[in-house]
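Colleague: Please take a close look at one part of this model for me. Start with a single pair of facing residues and work outwards from there.

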Amino acid sequence: MKISLTVNGELRESEIEPRTLLVQYLRENLALTGTNIGCDTSSCGACSMHLNGEAVKSCTILAAQADGCNITTIEGLAKGGKMHPMQEAFMQNHGLQCGYCTPGMVMAAISLLEENANPTEDEVRVGLEGNLCRCTGYHNIIQSVLACAKGGN
Amino acid sequence: MSVYMPTTVDQAVALLAQNPGACLLTGGTDTMVEVNFNHLKPGTVIGLRLVSSLREYTITPQLIQIGAGVPYARMETGPLAEALPALAAAARTVGSPQIRAAGTLGGNLGTCSPAGDGLPVLAALDAVVNLRSPRGIRGVPFQDFMVGVKRNSRVSDELIESVSIAPTSGYQDYAKVGVRNAMVISVASVCLVHDRHTASVRVALGAVGPTIIRAREAEAWLATQVDASTSLPPDEAVAIEFARRVAAEARPIDDHRSTADYRRHAIQTLTRRLYLRSTK
């Protein structure tokens, strides 16, 4: 079947197998491999990306369900060779260890700050409850998000 | 698998009539996990994300109507949360922000798991489930809709369009026990609604029986003890006996998530807490 959606600001039209998951479509059809697949059950959040501006888990959405939607992935954050402030904050605050959860964490964190620009530490923890870090590096991830919210990386 | 993406309810109903037994999909938070694990192999999927009317709600003094495709995230805050605090409380316990941006009441109703977080709220509020088919709209009271574990009285050509709820006047809340805060399926849950208009206190229990259970005997007992047309008395003895009677109506089992004994105990504790909170 044919789908047409905007990915990182670019209109993409593709012929896909109807059963294709959104994350498979991004990774395999569009070669946007920054979005990782973790659990296939929407438990871990590694595949988080923005669907019409809101973080969702792309391993449990059919690509067909996103037809006509606006998608932003981790690849779409940097502008003109400059990282998004959240990416910069993760780098400055060592908000990653192995990095597997990082794209999903960053996408969830941006979505969180859009709803609550100045969260407390507890609110960040609750806001990121859908994202697991297998290195258990939560402390620095939370510091990164707080730093980004304060505008100082 | 073939996937259809209708944009109106009429198109969706027509597609469902042509493909009886098709899998209706909105958030996919439950169904797609089953598909990914090959537990479910739907031949036909009707995706409902593009049907904008399913994602709307209306609130009037007489009736609250919530489209089956309204995601939980929109119940957590805003007008729906003000009108239905118990639904907001239940919505906040669902999964994680990403799940709440996707999951819907229609999905909860379609799956009809006894642990579905929205369902005890619908039961306690005496919600009506509106089903649309080529024959028109059929309104089914929630208690007649859910008939067993993952079983409901929707027939194969009916689309869950919305739920209708009569506003109540008084305290309402939802409380849940799970093994951790986030991303957890309910071990036991309670919704309590106090309505001064109808002078009633209604309690519904989740994850402690094959269906959501309304504790009707305990509700009837409470009606002999307190005047629900006004503020409820903060009487500890009433709270304890009410909670004991509510827990007695639970029909929990031992399974991989918990034991029947623990579940009954949790129901008793949550009910006592909610009753006492309702008196504040």
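Modeller: Met49(A) stands opposite Val56(A), a residue of strand 4 of chain A. This is a predicted model. The two strands involved are strand 3 (residues 48-51) and strand 4 (residues 54-57) of chain A. They run antiparallel, and four bridges join them. Together they make a hairpin with two residues between the strands. In that hairpin, Asn52(A) takes a positive phi near 50 degrees.

Now move out to the partner chain. Chain A and chain B each bring 29 residues to the contact. The size of an interface is often given as the accessible area lost when the parts come together. Between chain A and chain B, about 2100 Å² is buried. Carbon and sulfur atoms give 61% of that area.

What about polar links? Across the interface of chain A and chain B there is one salt bridge. Its partners are the side chains of Glu129(A) and Arg100(B), at 3.0 Å from N to O. Seven residue pairs are in polar contact across the interface, counting pairs with both residues at pLDDT 80 or more.

The hairpin strands come back here. Strand 3, strand 4 and helix 4 (121-127) of chain A each supply at least two residues of the side that touches chain B. Strand 4 of chain A gives the largest share of that side, four residues. By type, the residues on this side of chain A are 14 nonpolar, nine polar and six charged.

Technical notes. Residues are numbered from 1 along each chain as its sequence is written. Chains are lettered from A and ligands numbered from 1 in the order in which they are written. This is a predicted model: local features need pLDDT of at least 70, side-chain atom pairs count only at pLDDT 80 or more; totals for chains, interfaces and linings use all residues. Side-chain values use heavy atoms; hydrogens and water are left out. Two strands pair if DSSP finds at least two bridges between them. Contact means heavy atoms within 4.5 Å. Buried area is the accessible area (1.4 Å probe) that two parts lose on being put together, summed over both. A salt bridge is a side-chain nitrogen of Lys or Arg within 4 Å of a carboxyl oxygen of Asp or Glu. A polar contact is a pair of N or O atoms within 3.5 Å; within protein, one must be able to donate a hydrogen and the other to accept it, and residues adjacent in sequence count only if both atoms are side-chain atoms. Ala, Val, Leu, Ile, Met, Phe, Trp, Tyr, Cys and Pro count as nonpolar, Asp, Glu, Lys and Arg as charged, and the others, Gly among them, as polar.
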